[in-house]
Amino acid sequence: MNRRLGLFGGTFDPPHLGHLAALRAVWATHLVDHILVTVAGDPYLKSGTTTVASAEVRLAMAHAAFDGLPGVEVSDLEVRREGPTYTIDTVEALSAEGTTISLIVGADVVGQLPRWREAARLAELVDVVVLPRDGSPTTLPPGWRGSVIDMDPVDVSSTEVRRRLENGENPADLVPASVVPWLTEGDG
Ligand code: ATP
């Protein structure tokens with residue numbers, strides 16, 4: 001039987017309610033049988049723009065946030081891999097006879113897909129499931145297959161959570177309760 005795997009990669013610095021809503025919305029579509037949340041070991045696209053928490057802490061926060069959600073499994077595949085995290089490597093590692101892979105991405109990311117490593121090959125290997133996000137078009141770039149999830153955009157980002165923490169404001173309404181201790185107790 002064909003296995004339909006959804007791949008939801010991210011930095012998760014930290015995981016927040018937008019990620020949770022996205023996972024629930026994707027699961028509700030029945031487009032996939034299983035969702036793998038992959039925590040980027042070295043999110044090279046974010047280097048230089050912000051200080052990223054260690055992969056181990058982000059992985060632990062992802063477990064705290066997502067474990068127990070229906071259909072969802074948190075993976076350390078990209079944390080264990082050396083070097084910059086490229087989605088193509090993850091997709092190739094997970095590709096198998098009888099498995100189709102759907103790449104789940106927010107609308108802020110979909111326009112960048114053509115600039116990802118081995119983009120043409122990636123576009124052949126996956127279809128894309130786009131999550132609406134305020135202010136970003138959901139249009140797929142030419143050559144990419146996929147669909148857009150029908151969900152109300154959730155206006156939460158990790159950037160906003162970090163901004164609040166830096167300003168001494170409480171981010172508790174933006175993250176799952178299970179993540180709050182990681183944010184308030186420093187390194188968890
Ligand atoms: P940052 O603010 O640091 O850029 P982020 O909130 O976008 O982080 P990531 O961990 O980079 O979080 O996101 C992982 C994936 O989840 C990406 O595909 C991103 O587009 C998607 N995503 C994040 N937040 C939302 C949201 N509120 N709604 C829909 N998709 C989201």
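Where is P14 found? In this predicted model, P14 sits in the loop between β1 and α1, and the peptide bond leading into it from D13 is cis. That loop is a good place to start a tour that then takes in the ligand site, the salt bridges and one long-range pairing.

**Backbone details worth a look**

- The D13 to P14 peptide bond has omega near 0°. For background, most peptide bonds are trans, and most residues other than glycine have a negative phi.
- F12 also belongs to the loop between β1 and α1, and its phi is near 55°, a positive value in a residue other than glycine.
- F12 is buried, because its relative accessibility of 3% falls under the 20% cut-off.
- H30 has a positive phi too, about 65°, although it is not a glycine. You will find H30 in the loop between α1 and β2.
- H30 is exposed, with a relative accessible area of 58%.

**The ligand and its surroundings**

- The ligand occupies the space of the largest pocket, and 22 residues surround it. The closest of them are K46, D108, V154, S158 and T159.
- T159 offers a side-chain N or O atom 2.4 Å from an oxygen atom of the ligand.
- H16 also uses its side chain, with an N or O atom 2.9 Å from a ligand oxygen.
- G106 takes part through its backbone instead, where an N or O atom lies 3.0 Å from an oxygen atom of the ligand.
- Taken alone, the ligand exposes 600 Å², and the protein buries 92% of that.
- Which elements give two or more residues to the shell around the ligand? They are β1, α1, β4 (99-106), α5 (107-110) and α7 (158-166).

**Salt bridges**

- The count comes to eight salt bridges. As general background, side chains of opposite charge can pair when their charged atoms come close.
- R4 and D33 meet through their side chains at 2.7 Å, N to O. R4 lies in strand β1 (residues 3-10) and D33 in the loop between α1 (17-29) and β2 (34-39), so this pair ties together parts that are 29 residues apart in sequence.
- Both ends of that bridge are partly exposed: R4 at 29% relative accessibility and D33 at 31%.
- R121 pairs with E92, and their closest N and O atoms are 2.7 Å apart. Because R121 lies in helix α6 (residues 119-125) and E92 in helix α4 (residues 87-94), the bridge links parts that are 29 residues apart in sequence.
- R121 is partly exposed, with a relative accessible area of 36%, and E92 is partly exposed with a value of 36%.
- D173 and R164 form a salt bridge at 2.7 Å, N to O. Through bridges that share partners, E160, R163, R164, E169 and D173 join into one network.
- Within the D173 and R164 pair, which residue is buried and which is exposed? R164 is buried, with a relative accessible area of 15%, while D173 is exposed at 51%.

**A long-range neighbour pair**

- A65 has its place in helix α2 (residues 55-66), where it is buried with a relative accessible area of 8%.
- A65 and V175 are 110 residues apart in sequence, yet their C-alpha atoms are 8.2 Å apart in space.

Definitions and conventions. Residues are numbered from 1 along each chain as its sequence is written. This is a predicted model: local features need pLDDT of at least 70, side-chain atom pairs count only at pLDDT 80 or more; totals for chains, interfaces and linings use all residues. Side-chain values use heavy atoms; hydrogens and water are left out. A salt bridge is a side-chain nitrogen of Lys or Arg within 4 Å of a carboxyl oxygen of Asp or Glu. Helices (H or I, at least four residues) and strands (E, at least two) are DSSP runs, numbered from the N terminus. Buried means under 20% relative accessible area, exposed over 50%, partly exposed in between (1.4 Å probe, protein chains only). A residue is near a molecule or strand if one of its heavy atoms lies within 4 Å of it. A polar contact is a pair of N or O atoms within 3.5 Å; within protein, one must be able to donate a hydrogen and the other to accept it, and residues adjacent in sequence count only if both atoms are side-chain atoms. Accessible areas come from the Shrake-Rupley method with a 1.4 Å probe; for residues, only the protein chains shown count as cover. On a 1 Å grid over the protein atoms alone, a cavity is a set of points where a 1.4 Å probe fits but cannot get out, and a pocket is an open set with protein on both sides within 12 Å along at least five of seven lines; lining residues have an atom within 4 Å of a point. A molecule sits in a cavity or pocket if more than half of its atoms lie within 2 Å of its grid points.
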